[in-house]
Amino acid sequence: MPHPLLTTDIRGQMILLGTGTSVGVPAIGCGCPVCRSPNPRNRRTRCSVILGLPGGNLLIDTSPDLRQQLLREQIGLVHAVLYTHEHADHVYGLDDLRLMQFHLGGPVPLYCEPSVESRIRKSYDYAFINAEGFHPGAVPQLTFRRIGLEPFAALGAEITPIRLKHGKRFDVLGFRVGDVAYCTDVNAIPPESMDRLAGLDVLVLDALRTRGHATHFSLEEAIEVARQLAPRQTYFTHMSHELEHEATNAQLPQGMALAYDGLRINLT
Ligand SMILES: [Zn+2]
Ligand SMILES: [Zn+2]
Ligand SMILES: [Zn+2]
């Protein structure tokens, strides 16, 4: 008897699986008030979202907290993964996708740029050696789908990549699906990318902390970008323990709020 599948129909929604910076909140060994807060909205796993598209569930990034995130939201199926960039906090939950090859009956498609593919091929070399003699669930079965800046179709939706700067010399991707955009790990948005973010309903945007940072928007910088783009609603993500949820939210302009783990956004 096969085990019954436990999963939730999330079609038409984007779920914020994780909204924390690279070390997560609470941070290991930190006794600050936010890290010790009993408010669940001050608990942030590493950044990731999942989209319920017409053809299945598209995960953006495989955070080290992926297993706990999918269990928490009772999402049992990931049909494909789309990567923003290859930093550890966005990649190193990948091995947990081993279960998906049974549901999909084949490898999990990974949509990414060449730099991400090369990092995954190095870090997960055991998934790409000749696996003869391995049992079928021993290593993740993966297949790459290369993307650039051209819009592409995945799981029945059109996805528009958005070039973002994550520090002076490092380029990453944000993504727009319909009138919802997800832009994490960014400290500058080139003008042509600002054009691709015009007319949004919802923008999810990096805002690390109040102080400035070399590779992430500060809260003030993120507010300024949100003002320029003027979506109906902006949610900030990739937050450190310096942003207390309630106190920070109370000071934000109208139409802007901190995201939190488990937040659901309608895809339009
Ligand atoms: Zn990150
Ligand atoms: Zn702390
Ligand atoms: Zn990063």
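What angles do the four donor atoms of the zinc ion (ligand 3) make, and is its site regular or irregular? In this predicted model, the angles among those four donor atoms run from 89 to 171°, and the site of the zinc ion (ligand 3) is irregular. The coordinating atoms are NE2 of H85, ND1 of H87, NE2 of H166 and OD of D185, at 2.2 to 2.4 Å from the metal. Along the chain, these donor residues follow the spacing H-x1-H-x78-H-x18-D. The site also has a metal neighbour, since the zinc ion (ligand 1) and the zinc ion (ligand 3) are 3.5 Å apart, with D185 coordinating both. Two of the histidines can be described by their accessibility: H85 counts as buried because its relative accessibility is 0%, whereas H87, with a relative accessible area of 31%, is partly exposed.

The zinc ion (ligand 2) has another set of donors, namely the SG atoms of C30, C32 and C35 together with ND1 of H241, at 2.0 to 2.3 Å. Here the angles subtended by the four donor atoms are 104 to 114°, and the arrangement is therefore tetrahedral, given that four donors are called tetrahedral if all angles lie between 85 and 135 degrees. In sequence, the donors of the zinc ion (ligand 2) are spaced C-x1-C-x2-C-x205-H. C35 belongs to the loop between strand 1 (13–18) and strand 2 (48–53), while H241 belongs to the loop between strand 12 (233–237) and helix 7 (245–251), so this pair ties together parts of the chain that are 206 residues apart in sequence. C35 counts as buried because its relative accessibility is 8%, and H241, at 26%, counts as partly exposed.

Strand 1, which borders the loop that carries C35, is mostly covered, with six of its six residues buried. This strand pairs in the antiparallel sense with strand 14 (residues 264–266), over three bridges, and it also runs antiparallel to strand 2, to which four bridges join it. M14 illustrates both pairings, for its bridge partner in strand 14 is I265, and in strand 2 it stands opposite L51.

Aromatic side chains provide a further set of contacts, and the count comes to four aromatic pairs. The ring centres of Y111 and F152 are 5.5 Å apart and the planes lie at 20°, so this pair is stacked, the limit for stacking being planes under 30 degrees apart. Y111 is in strand 5 (residues 108–112) and F152 in strand 7 (residues 152–154), so the pair ties together parts that are 41 residues apart in sequence; both residues are buried. F128 and F144 form another stacked pair, at 5.8 Å centre to centre and with 25° between the planes. This pair links distant parts of the chain, 16 residues apart, as F128 lies in the loop between helix 4 (114–123) and strand 6 (142–146) and F144 lies in strand 6. F128 counts as partly exposed because its relative accessibility is 27%, while F144, at 15%, counts as buried. Elsewhere, ring pairs link Y92, Y124 and Y126 into a cluster.

Rings also meet charged groups. The charged end of R121 sits over the ring of F128, 4.9 Å from its centre, and R41 lies over the face of Y260, at 3.7 Å from the ring centre.

Among the 14 salt bridges counted, one is formed by R163 and E113, whose closest N and O atoms are 2.7 Å apart. It links distant parts of the chain, with R163 in strand 8 (residues 157–165) and E113 in the loop between strand 5 and helix 4, 50 residues apart, and both R163 and E113 are buried. D171 and K165 also form a salt bridge, with their closest N and O atoms 2.7 Å apart; D171 is partly exposed because its relative accessibility is 32%, and K165 is partly exposed at 25%. The side chains of E242 and R211 meet in a salt bridge at 2.5 Å, N to O, which links the loop between strand 12 and helix 7 to the loop between strand 11 (202–206) and helix 6 (219–229), with the two residues 31 apart. E242 is partly exposed at 33%, and R211 is partly exposed at 48%. Finally, R72, E73, D261 and R264 are joined into one network by salt bridges that share partners.

Terms used:
Residues numbered from 1 in each chain as written. Chains lettered and ligands numbered in written order. Predicted model: local features only at pLDDT ≥ 70, side-chain atom pairs only at ≥ 80, totals over all residues. Heavy atoms only, no water. Donors = N, O, S within 2.8 Å, 3.2 Å for Na, K, Ca; no water. Tetrahedral: all angles 85-135°; square planar, octahedral: opposite > 155°, others 65-115°. Buried < 20%, exposed > 50% of the residue type's maximum accessible area, 1.4 Å probe, protein only. Phe/Tyr/Trp six-rings, centres within 6.5 Å; stacked < 30°, edge-to-face > 60°. Lys NZ or Arg CZ within 6 Å of the ring centre and 35° of its normal. Pairing = 2+ DSSP bridges. Salt bridge = Lys/Arg side-chain N within 4 Å of Asp/Glu carboxyl O.
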